Amino acid sequence: MQEFRAAQKASKGIALGKAYPIRHPDLTAEKREIRENETEREKRAFRQAVKRTREVLRPLARENAVFGAHLDMAEDETLTEGVERKIHDGKNAQWALEEQMEETCSMLESLEDAYLQERAADVRDVCRRMMAFLKGVEEEPFPQLKEEVVLFAKELHPSDMAKIDFRYVRGIVTETGGTTSHVAILARSMEIPVLMGLEGILTKVGKGQMTILDGNEGVLFLLPDEKTQQEYLEKQEAEGILRQKLKEMNRLPAVTTDGCRIHLYANVGGLKDIEQAVKHGAEGVGLFRSEFLYMESSRFPTEQEQFEIYKKAAELLKKPLTIRTLDIGGDKALPYYKFEKEENPFLGWRAIRFCLDMRDVFKTQLKALLRAAAYGDIRIMYPMIVSVEEFRKANQLLEECKQELKERGVLFRESIQTGIMVETPAAVLMAEELAKEVDFFSIGTNDLTQYILAADRGNQKLTKLYDPFHPAVLRAVAQVIRAGHKAGIEVGMCGEFAGDEGAVPLLVGMGLDECSMVSSEIAAVRYQIRGIAAEQMKHLADRVLAAVTVKEVKQLLKR
Ligand code: PEP
Ligand code: MG
């Protein structure tokens with residue numbers, strides 16, 4: 001028996017089955033310099049490959065948003081124009097395509113935002129389809145699976161997912177990829193356990209070998225012994241029973257045994273996540289990260305483009321929808337806007353600071369939000385607020401937008417709630433004053449933790465220090481909840497901490513009104529809340545808030 005640890009637990013769950021390694025056909029470009037009289041022929045070949053790629057993607061795009069994004073990429077002229085320029089400069093079509101793909105991907109991969117980095121895999125996927133047409137190779141047909149297997153691959157592309165018969169797939173193991181990749185997202189929505197980042201595993205695994213994949217602990221066993229197999233069969237059965245129970249509770253509210261109601265909301269990055277939120281029984285959206293819309297575009301999206309997306313989101317959800325205004329800068333860049341290099345980007349020109357300076361960009365978004373709010377229960381949330389003035393300035397611009405829409409005679413919602421993310425120490429310290437003016441608070445523990453502990457949230461060397469269970473962070477959270485309740489406003493949380501099973505009892509005890517998290521975590525948190533008593537959690541929270549070290553906190557919370 002061999003045991004391996006994965007770098008990434010991309011989708012939870014346990015799988016047992018025979019290994020099925022997948023190998024992709026060689027799609028490396030044949031490189032050749034061309035003469036001027038060959039240019040047209042190469043361009044024609046390339047355009048034909050693009051045309052066929054679009055034809056293949058069109059029906060897929062109607063079924064699945066991931067392929068919709070691929071179709072957009074295949075139709076994006078910047079990619080095709082880039083390739084044609086290279087052909088014009090004397091490279092054959094295959095070479096030009098490979099080079100253009102690498103340039104686009106390395107641009108995406110150099111961005112600090114994990115979500116955008118992962119989009120490089122999508123670009124590769126689209127270009128691979130084009131390359132297969134250019135080279136005239138049939139992509140290797142995916143296995144006609146007849147028994148339950150665990151798939152092994154170097155990397156799985158979203159398009160591969162459409163070719164696999166998932167009735168027989170118990171688990172997936174890949175050598176590369178990250179938790180925010182589309183493959184991971186799709187697998188999570190299908191509840192298939194996935195391990196990623198097991199470098200070199202394809203050289204170690206043989207077809208048909210028995211394997212166990214533990215997506216909860218991030219462990220893979222090759223050729224497990226009888227005892228381990230038995231142990232995992234039992235674990236798997238227990239998990240199946242729990243999952244069934246969770247599903248049955250999908251429509252039940254998150255109420256503690258003594259009647260305290262917590263609202264469970266979803267964090268989303270776009271329309272496709274809204275569908276997931278509905279499926280997982282979210283009671284609303286607590287954080288719509290609108291910056292993805294800007295990051296996926298090739299220029300600042302127009303008012304009309306944004307209006308249509310927000311309106312569609314509200315109509316799909318039919319529940320409260322909190323849209324955060326553009327939170328750009330820091331770790332999030334825009335491909336079409338050059339930010340000046342800053343010494344400390346996380347302490348720099350970002351989020352509301354950027355928006356209050358770039359008034360036209362901000363007002364375009366605010367107008368789109370006001371118009372979309374006529375079609376659903378939309379609330380506006382400003383990020384990175386450090387002062388009452390910032391909130392007032394943002395709302396003043398919102399008033400200007402209302403006036404301008406009125407003059408244009410456009411339909412919009414006049415009375416719209418505006419709240420803030422509490423994610424800076426300044427906002428915590430000013431919480432009482434802010435609470436008197438805003439309609440709601442949502443605590444952003446991802447940033448709040450980094451600012452309170454002065455520990456960059458992306459710095460691998462600081463992962464031990466960057467811990468929301470630090471007493472200072474917890475006391476800040478408690479202070480914000482108290483201040484919000486004193487002023488009679490709702491206090492939610494949309495940082496990752498809100499979906500952390502170790503934190504939920506504490507948050508209930510502190511009196512948080514709303515937890516917003518990635519949709520797939522909602523069921524487990526709902527189950528957890530329905531099994532605890534708020535009154536007991538209050539006592540627990542008192543003890544936790546008196547603790548002075550992370551260790552004490554974790555002991556009290558049994559983490
Ligand atoms: C946060 O900071 O907690 C948050 C939810 O926002 P983001 O992770 O997008 O910065
Ligand atoms: Mg934040």
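Modeller: A polar contact is a pair of N or O atoms within 3.5 Å. Keep that cut-off in mind. The model here is predicted.

Colleague: How far is an oxygen atom of ligand 1 from an N or O atom in the side chain of R457?

Modeller: The distance is 2.8 Å. That falls inside the cut-off of 3.5 Å. Two further pairs belong to this picture. A polar backbone atom of N446 also has an oxygen atom of ligand 1 at 2.8 Å. For E423, a polar side-chain atom is 3.0 Å from an oxygen atom of the ligand.

Colleague: How much of the accessible area of ligand 1 does the protein cover?

Modeller: Take the ligand on its own, then add the protein. Alone, ligand 1 has 290 Å² of accessible area, and the protein covers 98% of it.

Colleague: Which elements give two or more residues to the shell around ligand 1?

Modeller: They are β11, residues 285–289, and α17, residues 445–452. Helix α17 gives the most, with three residues.

Colleague: Which residues around ligand 1 come nearest?

Modeller: The shell holds 13 residues, and R289, R324, G444, N446 and R457 come nearest. Sort the shell by class as well. It has six charged, four polar and three nonpolar residues.

Colleague: Now the metal. Which protein donors does the magnesium ion, ligand 2, have?

Modeller: To read a metal site, list the donors, then place them in the chain. The donors here are an OE atom of E423 and an OD atom of D447, at 2.1 to 2.2 Å from the ion. E423 sits in the loop between β14 (418–422) and α15 (425–429), while D447 belongs to helix α17, so the pair links parts 24 residues apart in sequence.

Colleague: Are these donors buried or exposed? Start with E423.

Modeller: Under 20% relative accessible area counts as buried. E423 has 2%, so it is buried. D447 has 3%, so the verdict for D447 is buried too.

Colleague: Stay with helix α17. Where is Q450, and what does its side chain reach?

Modeller: Q450 is placed in α17. A polar atom of its side chain lies 2.9 Å from the backbone nitrogen of R457. R457 is a residue we met at ligand 1. Q450 is buried, at 4% relative accessibility. Set aside neighbours within four places in sequence, and Q450 is in contact with F346, R350, A455, D456, R457 and Y466.

Colleague: How does a strand residue read? Take M421.

Modeller: Check place, burial and partners in turn. M421 is in strand β14. Its relative accessible area is 2%, so M421 is buried. Beyond its neighbours within four places, its contacts include L287, R324, M381, S442, G444 and C494. I385 is another contact of M421. The C-alpha atoms of M421 and I385 are 6.9 Å apart, although 36 residues separate them in sequence.

Colleague: Which residues does K43 contact beyond its sequence neighbours?

Modeller: K43 is in contact with E84, I87 and H88, leaving aside residues within four places. K43 is in helix α1, residues 39–63. At 11% relative accessibility, K43 counts as buried. K43 and I87 stand 44 residues apart in sequence, yet 6.9 Å apart from C-alpha to C-alpha.

Colleague: And in a loop? Is L202 buried or exposed?

Modeller: L202 is buried, at 11% relative accessible area. The loop in question runs between β6 (194–196) and β7 (210–214). L202 touches P21, I22, R23, F152, A153, K154 and E175, not counting residues up to four places away. From L202 to E175 is 7.7 Å, C-alpha to C-alpha, across 27 residues in sequence.

Colleague: Last feature, the backbone angle phi. What is phi of L223?

Modeller: When phi is positive, ask whether the residue is a glycine. L223 is not a glycine, and its phi is near 45 degrees. The residue lies in the loop between β8 (219–222) and α8 (226–248). L223 is partly exposed, with 48% relative accessible area.

Colleague: What is phi of K318?

Modeller: K318 has a positive phi of about 55 degrees, and K318 is not a glycine. Its loop joins α11 (303–317) and β12 (321–324). Over 50% counts as exposed. K318 has 71% relative accessibility, so K318 is exposed.

Terms used
Residues numbered from 1 in each chain as written. Chains lettered and ligands numbered in written order. Predicted model: local features only at pLDDT ≥ 70, side-chain atom pairs only at ≥ 80, totals over all residues. Heavy atoms only, no water. Near = heavy atom within 4 Å. Polar contact = N/O pair within 3.5 Å; in protein donor to acceptor, adjacent residues only side chain to side chain. Areas by Shrake-Rupley, 256 points an atom, 1.4 Å probe, with all protein chains shown as cover. Helix = DSSP H or I, 4+ residues; strand = E, 2+ residues; numbered from the N terminus. Nonpolar A, V, L, I, M, F, W, Y, C, P; charged D, E, K, R; others polar. Donors = N, O, S within 2.8 Å, 3.2 Å for Na, K, Ca; no water. Buried < 20%, exposed > 50% of the residue type's maximum accessible area, 1.4 Å probe, protein only. Contact = heavy atoms within 4.5 Å.
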